[in-house]
Amino acid sequence: MAFVLTPGERNEKAALPELMGKGAVKRPGPGRPKLRPRAVVGDRGYSGRAVREDLRRHGISPIIPQLRTEKAPRLMDWGLYHERNVVERLVGKLKEYRRIATRYDKLAASYLAFVQLAAIRIWL
């Protein structure tokens, strides 16, 4: 699980490279964790040629629906896309914590630490 803080008005695509550098996927059995997942699932906010090309260049399959304004239809795994609801439910549960929803912390490090603690508490 990895989190990246961004300013409120910044779009999600800008944080994707930093987020991809933080996550590590545990391998089944012995060995070091993989630094790249097989696929990245995102909503339409991550849609765009640059994002898709960057993910493919790193050997990652993008599971991102295209915008309605894009003309060329793309095939994607809708079954895997529906697994994205795990993240959406986690965000919804995190916002139940008043401290996270209103961001009382002045320092970004304190806020991020509490988000991580809350996520651990939810997932345990």
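**Aspartate 105 and arginine 99**

I began with aspartate 105, whose side chain makes a polar contact with the side chain of arginine 99 at 2.9 Å. I note at once that this is a predicted model, and I read each value below as computed from that model. Aspartate 105 lies in the loop between H5 and H6, and I looked up its accessibility next: the relative value is 13%, under the 20% cut-off, so aspartate 105 counts as buried.

I then followed arginine 99 to its other partner, and found that its charged end sits over the ring of phenylalanine 114, 4.6 Å from the ring centre. Arginine 99 therefore appears twice in my notes, once in the polar contact with aspartate 105 and once over the ring of phenylalanine 114.

**Arginine 103**

In the loop between H5 and H6 I also looked at arginine 103, which lies over the face of tyrosine 111, at 4.5 Å from the ring centre. I checked the backbone here, and phi of arginine 103 is near 50°, a positive value in a residue other than glycine. I wrote this down because most residues other than glycine have a negative phi. Arginine 103 has a relative accessibility of 36%, which lies between the 20% and 50% limits, so I entered arginine 103 as partly exposed.

**Aromatic pairs**

How many aromatic pairs does the structure hold? I found 2. One of them is formed by tryptophan 78 and tyrosine 81, with 5.3 Å centre to centre and 80° between the planes, an edge-to-face arrangement. Both residues lie in helix H3 (residues 78-81), 3 residues apart, about one turn of the helix. Tryptophan 78 is partly exposed, with a relative accessible area of 43%, whereas tyrosine 81 counts as buried at 13% relative accessibility.

The pair of tyrosine 97 and phenylalanine 114 has ring centres 6.1 Å apart and planes at 80°, and since over 60 degrees is the condition for edge-to-face, I classed this pair as edge-to-face. This pair links distant parts of the chain, 17 residues apart: tyrosine 97 is in the loop between helix H4 (85-94) and helix H5 (98-102), and phenylalanine 114 is in helix H6 (residues 108-123). I note that the ring of phenylalanine 114 in this pair is the ring that carries the charged end of arginine 99 over it.

**Pockets**

I turned to the pockets and asked what volume the largest one has. About 1900 Å³ of space lies in the largest pocket, and 44 residues line it, with Ala2, Phe3, Leu19, Tyr46 and Val87 nearest its centre. Helix H1 (16-22), strand S1 (39-41), H4, H5 and H6 each supply at least two residues of this lining, and H4 gives the largest share, 6 residues. By class, I have 30 nonpolar, 5 polar and 9 charged residues in the lining of the largest pocket.

The second largest pocket has a volume of about 250 Å³. Of the 14 residues that line the second largest pocket, I listed Pro17, Met20, Gly21, Asp54 and His58 as the closest to its centre. The elements that give two or more residues to this lining are H1 and helix H2 (49-57). I divided the lining of the second largest pocket into 8 nonpolar, 3 polar and 3 charged residues.

**Two sequence-distant pairs**

I looked up isoleucine 122 in helix H6, and found that isoleucine 122 and leucine 90 are 32 residues apart in sequence and 7.9 Å apart in space, C-alpha to C-alpha. Isoleucine 122 is partly exposed, with a relative accessible area of 23%.

Where does leucine 5 lie? I placed leucine 5 in the segment before H1, and at 31% relative accessibility it counts as partly exposed. Leucine 5 and leucine 19 are 14 residues apart in sequence and 9.6 Å apart in space, C-alpha to C-alpha. I note that leucine 19 is also one of the residues nearest the centre of the largest pocket.

**The chain as a whole**

Last, I went back to the overall layout: the protein chain has 6 helices and 2 strands, and read along the sequence it follows the pattern α-β-α-β-α-α-α-α. The C-alpha trace spans about 45 × 45 × 25 Å along its principal axes. Of the 124 residues, 24% count as buried, and I keep aspartate 105 and tyrosine 81 as two buried residues in my notes.

How values were computed: Residues are numbered from 1 along each chain as its sequence is written. This is a predicted model: local features need pLDDT of at least 70, side-chain atom pairs count only at pLDDT 80 or more; totals for chains, interfaces and linings use all residues. Side-chain values use heavy atoms; hydrogens and water are left out. Rings of Phe, Tyr and Trp (its six-membered ring) pair if their centres lie within 6.5 Å; planes under 30 degrees apart count as stacked, over 60 as edge-to-face and the rest as tilted. Helices (H or I, at least four residues) and strands (E, at least two) are DSSP runs, numbered from the N terminus. Buried means under 20% relative accessible area, exposed over 50%, partly exposed in between (1.4 Å probe, protein chains only). A charge sits over a ring if NZ of Lys or CZ of Arg is within 6 Å of the ring centre and within 35 degrees of the ring normal. On a 1 Å grid over the protein atoms alone, a cavity is a set of points where a 1.4 Å probe fits but cannot get out, and a pocket is an open set with protein on both sides within 12 Å along at least five of seven lines; lining residues have an atom within 4 Å of a point. Grid points are joined across faces, edges and corners, and a volume is the space filled by probe spheres set on the points. Ala, Val, Leu, Ile, Met, Phe, Trp, Tyr, Cys and Pro count as nonpolar, Asp, Glu, Lys and Arg as charged, and the others, Gly among them, as polar. A polar contact is a pair of N or O atoms within 3.5 Å; within protein, one must be able to donate a hydrogen and the other to accept it, and residues adjacent in sequence count only if both atoms are side-chain atoms.
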